[in-house]
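I opened the notebook with two things to look up. One is the ligand site, the other a pair of helices.

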Amino acid sequence: MASALSIDATFPAPVREGAAAPLLRTERLTVRFGGLTALDNVDFEIRRGEIRAIIGPNGAGKSTFFNCLTGVLRPTSGRILFNGENIAGLPPNLISQKGIARSYQITNILPNATTLENVRIAAQSRRHGWSMLRHHSAYRDIIDKAQGVLDAVGLGAKAGELAANLSHGEQRNLEIGIALATEPQLLCLDEPTAGMSAAETHDTMELVRRIAKDLTILIVEHDMQVVMALAQRISVFHYGDLLAEGTPDEIQQNPRVLEVYLKT
Ligand SMILES: Nc1ncnc2c1ncn2[C@@H]1O[C@H](COP(=O)(O)OP(=O)(O)O)[C@@H](O)[C@H]1O
Ligand SMILES: [Mg+2]
């Protein structure tokens, strides 16, 4: 009895999947374009449920990082572990099916489709397209789901509107809806408030906070007020390196970060 107890006590605590393990982790992630190193051995980790901002001067490697995570770019070397599985170099559609979605800096909306159709097409890509056409109820499900996503991003009343007729801010939120419709675990937002008015920026921040309840969010953002108000932690990229990481307060006081930002 006593020996069984002591053996038991020396065993490590059972690993609780999801609690301790990071949702995403990169190991020595490196991208070279000819002689230029855009990402240099980046070790990065994000936990489930976190909102993380990525900041850094132009050319720091932020978009390259997103491109690797979403399969747009094949890294030169290194690993990208998502739920423990190495996804580096997989094509974008496979990565999307595994649960990583992205809203682009440059719009990828279909302007001549309605707001609802834009989201419906994204929702459908998540399931099997062919069965959708055969089963009316499955099709109905997709429509309901698309409408739910539109409600979540504040565009419920604009379902029948052509996407082209939405305001710039509404289009940016529709992009978030398109990304959400693929039911991601990790949502990557590339400057979601770019070009928005102050009021639209405020609404989009509220939107990101709302959807963050069930999601993990990585956000590249230039607007420091948005970053500081939204992110729990911030990662600072600089010439392909991860220069610093910390809470908004820590980052604001970090001498290396201040130096980089004062120089640019
Ligand atoms: N497809 C590409 N071919 C060659 N160089 C690239 C390519 N994409 C990005 N770069 C270079 O890699 C560096 C990082 O770029 P990028 O990731 O876009 O930075 P950021 O998004 O932080 O502004 C820059 O020097 C950029 O010019
Ligand atoms: Mg960029």
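Before the helix pair, I fixed the terms: an axis is a line fitted to C-alpha atoms, for helices over the stretch in contact, and angles run from 0 to 180 degrees between N-to-C directions. I also kept in mind that this is a predicted model.

**Entry 1, helix pair.** I looked up H4 (residues 115-126) against H7 (residues 168-180). Their axes come within 7 Å and cross at roughly 30°. Angles under 35 degrees count as roughly parallel. H4 and H7 are therefore roughly parallel to each other. I then checked the hand: H4 passes H7 in a right-handed crossing.

**Entry 2, shell around ligand 1.** Which residues surround ligand 1? I listed Phe33, Leu36, Ala38, Pro57, Asn58, Gly59, Ala60, Gly61, Lys62, Ser63 and Thr64. By class, I get five nonpolar, five polar and one charged. I next asked which elements supply at least two residues of this shell. They are strand E2 (36-46) and helix H2 (62-69). H2 gives the most, with three residues.

**Entry 3, backbone contacts.** I went through backbone N or O atoms facing oxygen atoms of ligand 1. For Ser63, I noted a backbone N or O atom 2.9 Å from a ligand oxygen. Gly61 has such a backbone atom 3.0 Å from an oxygen of ligand 1. For Ala60, the distance from a backbone N or O atom to a ligand 1 oxygen is 3.1 Å. How much of ligand 1 does the protein bury? Taken alone, ligand 1 exposes 560 Å², and the protein buries 57% of that.

Methods
Residues numbered from 1 in each chain as written. Chains lettered and ligands numbered in written order. Predicted model: local features only at pLDDT ≥ 70, side-chain atom pairs only at ≥ 80, totals over all residues. Heavy atoms only, no water. Near = heavy atom within 4 Å. Polar contact = N/O pair within 3.5 Å; in protein donor to acceptor, adjacent residues only side chain to side chain. Areas by Shrake-Rupley, 256 points an atom, 1.4 Å probe, with all protein chains shown as cover. Helix = DSSP H or I, 4+ residues; strand = E, 2+ residues; numbered from the N terminus. Nonpolar A, V, L, I, M, F, W, Y, C, P; charged D, E, K, R; others polar. Parallel < 35°, antiparallel > 145°, perpendicular 65-115°, else oblique. Left-handed = near helix turned anticlockwise from the far one by under 90°.
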